[in-house]
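Here is a short tour of one protein chain, meant to be read with the model open beside you. Feel free to rotate as you go.

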Amino acid sequence: MQGVAEVARRPIALVTAAVLFLEAPGIVAVNAVMAGFLEAQSMSLDGMDPDAMVKGTWGLGIASGVALVVCALVALVAGVRDRRPGRFGRGLLIGCAVVHGVLGAVAVALLGWTAFAFLVAVLGLVVLTLVAYGKETAAPEGRAVTAG
């Protein structure tokens with residue numbers, strides 16, 4: 001008989017993948033808006049070239065979007081195969097969880113509780129995906145699988 005964790009882990013991983021896929025263009029759009037503000041106001045930080053800041057903002061947005069898509073693909077593959085991600089995939093998801101936790105802590109001060117709630121919900125989904133696909137279950141010793 002399967003436990004709740006075995007039954008629920010596939011939908012959890014698929015929902016996590018869907019949320020991360022939806023978050024990726026959102027983070028690129030937020031960085032695009034920030035780059036637009038930098039370009040329109042010709043802002044600089046301590047004499048830094050404003051064009052470099054615009055390019056850096058775009059680069060950060062695109063890199064963050066790609067990272068979220070890669071994490072979503074890891075969760076999607078785990079959900080479709082119903083197997084835990086490999087070592088590299090688990091590392092990516094752990095990194096994604098840490099970033100969401102740090103951004104959530106910053107967002108509560110700068111953006112408010114709604115942004116914090118969203119980031120913590122995504123953090124919870126990523127952690128739940130990691131926990132649901134915990135340890136690999138091996139066949140008990142002394143029992144051989146027989147074709148019947």
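The notes below go from the overall fold to the core, the cysteines and the surface.

This is a predicted model. The protein chain has 4 helices and 0 strands, and from the N terminus on its elements run α-α-α-α. Two nonpolar groupings are worth finding on your screen: a core of 12 residues and a surface patch with about 430 Å² of accessible area together.

**Overall picture**

- Of the 148 residues in the protein chain, 27% are buried.
- The accessible surface of the protein chain comes to about 9700 Å², and carbon and sulfur atoms hold 70% of that area.
- Among contacts with a separation of 6 or more, 70% are between residues 24 or more positions apart.

**The largest nonpolar core**

- The largest nonpolar core is made of Leu 20, Ala 24, Leu 68, Cys 71, Ala 72, Val 74, Leu 93, Cys 96, Ala 97, Val 122, Val 126 and Leu 130.
- At least two residues of this core come from each of α1, α2, α3 and α4 (113–132).
- Helix α2 gives the largest share of this core, with 4 residues.
- As a general background, nonpolar side chains in soluble globular proteins tend to be buried together.

**Leu 68 and His 100**

- Which residues does Leu 68 touch, not counting those up to four places away in sequence? They are Leu 20, Glu 23, Ala 24, Ile 27, Cys 96 and His 100.
- His 100 lies in helix α3 and has a relative accessible area of 3%, so His 100 is buried, the cut-off being under 20%.
- Leaving aside neighbours within four places in sequence, His 100 is in contact with Leu 20, Glu 23, Leu 68, Leu 119, Val 122 and Leu 123.
- Leu 20 and Glu 23 thus appear in the contact lists of Leu 68 and of His 100.

**The cysteine pair**

- How many disulfides are there? The count comes to 0.
- Cys 71 is in no disulfide, and the nearest cysteine sulfur is that of Cys 96, 4.3 Å away.
- Cys 96 is likewise in no disulfide, with the sulfur of Cys 71 as its nearest cysteine sulfur at 4.3 Å.
- Why does this pair not count? A disulfide needs sulfur atoms within 2.5 Å, and the sulfur of Cys 71 is 4.3 Å from that of Cys 96.
- Cys 71 counts as buried at 5% relative accessibility, and Cys 96 counts as buried at 7%.
- Both cysteines are also listed in the largest nonpolar core.

**The nonpolar surface patch**

- Leu 14, Phe 21, Val 69, Leu 73, Leu 76 and Val 80 form a nonpolar patch on the surface.
- Helices α1 (4–41) and α2 (50–81) each supply at least two residues of the patch.
- The largest share of the patch, 4 residues, comes from α2.
- Is Leu 73 of this patch buried, exposed or partly exposed? Leu 73, placed in helix α2, is partly exposed because its relative accessible area is 40%.

**Ile 94 beside Cys 71**

- Ile 94 lies in helix α3 (residues 87–110).
- With a relative accessible area of 45%, Ile 94 is partly exposed.
- Ile 94 and Cys 71 are 23 residues apart in sequence, and their C-alpha atoms are 9.6 Å apart in space.

Conventions: Residues are numbered from 1 along each chain as its sequence is written. This is a predicted model: local features need pLDDT of at least 70, side-chain atom pairs count only at pLDDT 80 or more; totals for chains, interfaces and linings use all residues. Side-chain values use heavy atoms; hydrogens and water are left out. Patches are made of residues with over 30% relative accessible area and no salt bridge: like charges are joined within 9 Å, nonpolar side chains (Val, Leu, Ile, Met, Phe, Trp, Tyr) within 5 Å. Accessible areas come from the Shrake-Rupley method with a 1.4 Å probe; for residues, only the protein chains shown count as cover. A salt bridge is a side-chain nitrogen of Lys or Arg within 4 Å of a carboxyl oxygen of Asp or Glu. Buried means under 20% relative accessible area, exposed over 50%, partly exposed in between (1.4 Å probe, protein chains only). Contact means heavy atoms within 4.5 Å. A nonpolar core is a set of buried Ala, Val, Leu, Ile, Met, Phe, Trp, Tyr and Cys residues joined through side-chain atoms within 4.5 Å.
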